[in-house]
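Thank you for making time for this at today's meeting. I would like to walk you through a structure that is new to most of us, going from the overall layout to a few individual residues.

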Amino acid sequence: MTTGLRSAEPTPTPDGSGAPKVVAEGVPSALRLDPCWDDGRRPVAWLHITAPGRDVTPSARSWCACGRDLFAAGQRRALALIADHAAHRDVCPSRNQERRDAA
């Protein structure tokens with residue numbers, strides 16, 4: 001048994017080469033997306049809906065890069081805000097400006 005210091009060299013593989021193994025044989029390696037990859041898309045509008053359980057008032061909040069920031073509490077008002085948020089996509093100046101820039 002050796003008790004002295006040893007160098008940190010890779011252990012030789014059964015075929016005699018000293019190349020380190022990266023993954024076990026038969027295990028597919030996962031390719032990761034390039035962290036610097038960018039497709040140019042940016043979020044413009046957000047919709048946050050809170051619909052907890054029974055006897056609790058649902059709420060919704062809609063905000064957009066154009067400066068719009070609306071809140072609604074209660075089922076009827078929250079549903080109306082959700083519909084309004086969807087309609088805002090067609091008339092939003094920020095989103096329409098991005099479409100013109102992309103063309």
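**From layout to contacts**

Read along its sequence, the protein chain follows the pattern β-β-β-α-α, which amounts to three strands and two helices. Please keep in mind throughout that this is a predicted model, and that what I quote is computed from it.

Of the 103 residues of the chain, 15% count as buried. The chain exposes about 9000 Å², and carbon and sulfur atoms supply 55% of that area. If we take the contacts with a separation of 6 or more, residues 24 or more positions apart account for 20% of them.

Let me turn to helix H1, where I will spend much of my time. For its 17 residues, at 1.5 Å a residue, we should expect a span of 24 Å, and the C-alpha atoms at its ends are 25 Å apart, which agrees. Which residues of H1 are buried? They are Ala78, Leu81, His85 and His88, and, seen down the axis of H1, these buried residues fall within an arc of 70°, so they line one face of the helix. What covers them includes strand S1, which runs over 45-50, together with S2 and strand S3, the last of these being 69-73.

On the face of H1 turned away from that buried side we find the exposed residues Gln75, Arg76, Leu79, Asp90 and Val91. Let me pick out Arg76, which has a relative accessible area of 66% and is therefore exposed. Arg76 and Ser59 are 17 residues apart in sequence, and from C-alpha to C-alpha they are 9.6 Å apart in space.

Back on the buried side, His85 lies in H1, the helix of residues 75-91, and counts as buried because its relative accessibility is 10%, where the cut-off is under 20%. Setting aside neighbours within four places in sequence, His85 is in contact with Ala45, Trp46, Leu47, Ser62 and Arg68.

One of those partners, Ser62, has its place in strand S2, residues 59-64. Is Ser62 buried or exposed? With a relative accessible area of 0%, Ser62 is buried. Not counting residues up to four places away in sequence, Ser62 touches Trp46, Leu47, Arg68, Asp69, Leu70, Leu81 and His85. With Arg68 there is also a polar contact, in which the side chains of Ser62 and Arg68 are joined at 3.4 Å.

That brings me to the charged pairs, and here the question is how many salt bridges the structure holds. There are two. In one of them, the side chains of Arg61 and Asp69 meet with N to O at 3.0 Å; Arg61 counts as partly exposed at 33% relative accessibility, and Asp69 counts as partly exposed at 45%.

Arg68 also forms a salt bridge, with Asp84, and the closest N and O atoms of this pair are 2.6 Å apart. Since Arg68 lies in the loop between S2 and S3 while Asp84 is in helix H1, the pair ties together parts that are 16 residues apart in sequence. Arg68 is buried, with a relative accessible area of 16%, whereas Asp84 counts as partly exposed at 34% relative accessibility.

To close, I would ask you to look once more at Arg68, which has a polar contact with Ser62, a contact with His85 and a salt bridge with Asp84.

Terms used:
Residues are numbered from 1 along each chain as its sequence is written. This is a predicted model: local features need pLDDT of at least 70, side-chain atom pairs count only at pLDDT 80 or more; totals for chains, interfaces and linings use all residues. Side-chain values use heavy atoms; hydrogens and water are left out. Helices (H or I, at least four residues) and strands (E, at least two) are DSSP runs, numbered from the N terminus. Buried means under 20% relative accessible area, exposed over 50%, partly exposed in between (1.4 Å probe, protein chains only). Contact means heavy atoms within 4.5 Å. Accessible areas come from the Shrake-Rupley method with a 1.4 Å probe; for residues, only the protein chains shown count as cover. A polar contact is a pair of N or O atoms within 3.5 Å; within protein, one must be able to donate a hydrogen and the other to accept it, and residues adjacent in sequence count only if both atoms are side-chain atoms. The expected span of a helix is 1.5 Å times one less than its number of residues. The arc is that of the directions from the helix axis to the C-beta atoms. A salt bridge is a side-chain nitrogen of Lys or Arg within 4 Å of a carboxyl oxygen of Asp or Glu.
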